[in-house]
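Let's take a walk through this protein, starting with one pair of strands and working towards the aromatic residues. Keep the sequence and the model side by side as you read.

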Amino acid sequence: MRKTNYLFAAMLCALFLVSPMSHAQTKWKSDPVHSNIQFEVDHLAISTVTGNFSEFVCDVESKRNSFEGAKIEAVVQVSSLSTKNLTRDKHLKEDDFFNAEKYPVMTFRSESFVKKSDKEYVITGWLTIRDVTKKVSFPAEYSGMAKLGDKTISAFKANFVINRFDYNLTWNDTLDTGSLVVGEDVNVKMNLELIKI
């Protein structure tokens, strides 16, 4: 009986010692100085307006230094939107578009993070803008890992397109030709430097 109890205790100790190592998680946070979220949208059907969101946080949890199966949570402050035109920015923050007062943040939460090659991943998750949440999937390019002093840094680039009407950004004034003043499709570009924490 004592031998059985001893074996059971030994097995429990082994589980407690091994499990944290086998499921070790590495946490990363976006570096706001070296990360950016930009967007582009057609204007008057002949040109492009660009803008960015300057305030956001992206948290990533991975298994050690591998990003296969990583989890992402990102929060973007809508009020940080800028197209370098105060009148246009004010309009974009009103109810025709983002309604920053009622919906102050956009969020993204990953569902999967699949490695396709050493540098290519496909990220799938839930994007929330205003009161709409939709699943999106997009490729992400892994730029590598570097050491800077005592910091470990990784970087990703991603580019995807959403239809703004899908998220209730519904302003739809048209030209005499019938074309939209502001295009439907919004091209989103992200450059993220992640610091291990």
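In which sense do strand β2 and strand β3 pair, and over how many bridges? They run antiparallel, with seven bridges joining β2 (residues 36–43) to β3 (residues 47–53). Bear in mind that we're looking at a predicted model here. Within this pairing, Val 41 sits opposite Val 49 of β3. Three residues separate the strands of the β2 and β3 hairpin, and in it Leu 44 adopts a positive phi near 60 degrees.

Strand β3 has another partner to look at: β3 and β6 also pair in the antiparallel sense, this time over two bridges. Here Phe 53 has Leu 81 in β6 as its bridge partner. Now have a look at Ser 80, which you'll find in the loop between β5 (66–77) and β6 (81–82). Is Ser 80 buried or exposed? Its relative accessibility is 8%, so Ser 80 counts as buried, the limit being under 20%. Setting aside neighbours within four places in sequence, Ser 80 is in contact with Asn 52, Phe 53, Ser 54 and Glu 55. With Glu 55 there is a polar atom pair to pick out: a polar atom of the Ser 80 side chain lies 3.1 Å from the backbone nitrogen of Glu 55.

Time to step back to the whole chain. The protein has two helices and 11 strands, and their order along the sequence is α-β-β-β-β-β-β-α-β-β-β-β-β. Of its 197 residues, 36% are buried. Among contacts with a separation of 6 or more, 57% are between residues 24 or more positions apart. On the outside, the accessible surface amounts to about 12,300 Å², and carbon and sulfur atoms account for 56% of that.

What about the inside? The largest nonpolar core has 46 residues, and the members that touch the most others are Phe 67 and Phe 98. Strand β11 (residues 182–196) gives this core its largest share, six residues. Follow Phe 67 outwards, leaving aside neighbours within four places in sequence, and you'll meet contacts that include Trp 28, Val 60, Met 145 and Leu 194. Phe 113, Tyr 121, Tyr 142 and Phe 156 are also among the contacts of Phe 67. Those aromatic names come back in one aromatic cluster, formed by Trp 28, Phe 67, Phe 113, Tyr 121, Tyr 142 and Phe 156.

That brings us to the aromatic pairs, of which there are 14. One of them is Phe 97 with Trp 171, a tilted pair at 5.8 Å centre to centre and 45 degrees between the planes. Why does this pair tie together parts that are 74 residues apart in sequence? Because Phe 97 belongs to the loop between α2 (86–92) and β7 (105–115), while Trp 171 is in the loop between β10 (151–163) and β11. Phe 97 is buried at a relative accessible area of 4%, and Trp 171 also counts as buried, at 19%.

Tyr 142 and Phe 156 make another tilted pair, with 5.0 Å centre to centre and 40 degrees between the planes. Tyr 142 is in strand β9 (residues 132–148) and Phe 156 in strand β10, so this pair links parts 14 residues apart in sequence. Tyr 142 is buried, with a relative accessible area of 12%, and Phe 156 is buried with 8%.

Notes. Residues are numbered from 1 along each chain as its sequence is written. This is a predicted model: local features need pLDDT of at least 70, side-chain atom pairs count only at pLDDT 80 or more; totals for chains, interfaces and linings use all residues. Side-chain values use heavy atoms; hydrogens and water are left out. Helices (H or I, at least four residues) and strands (E, at least two) are DSSP runs, numbered from the N terminus. Buried means under 20% relative accessible area, exposed over 50%, partly exposed in between (1.4 Å probe, protein chains only). Contact means heavy atoms within 4.5 Å. Accessible areas come from the Shrake-Rupley method with a 1.4 Å probe; for residues, only the protein chains shown count as cover. A nonpolar core is a set of buried Ala, Val, Leu, Ile, Met, Phe, Trp, Tyr and Cys residues joined through side-chain atoms within 4.5 Å. A polar contact is a pair of N or O atoms within 3.5 Å; within protein, one must be able to donate a hydrogen and the other to accept it, and residues adjacent in sequence count only if both atoms are side-chain atoms. Two strands pair if DSSP finds at least two bridges between them. Rings of Phe, Tyr and Trp (its six-membered ring) pair if their centres lie within 6.5 Å; planes under 30 degrees apart count as stacked, over 60 as edge-to-face and the rest as tilted.
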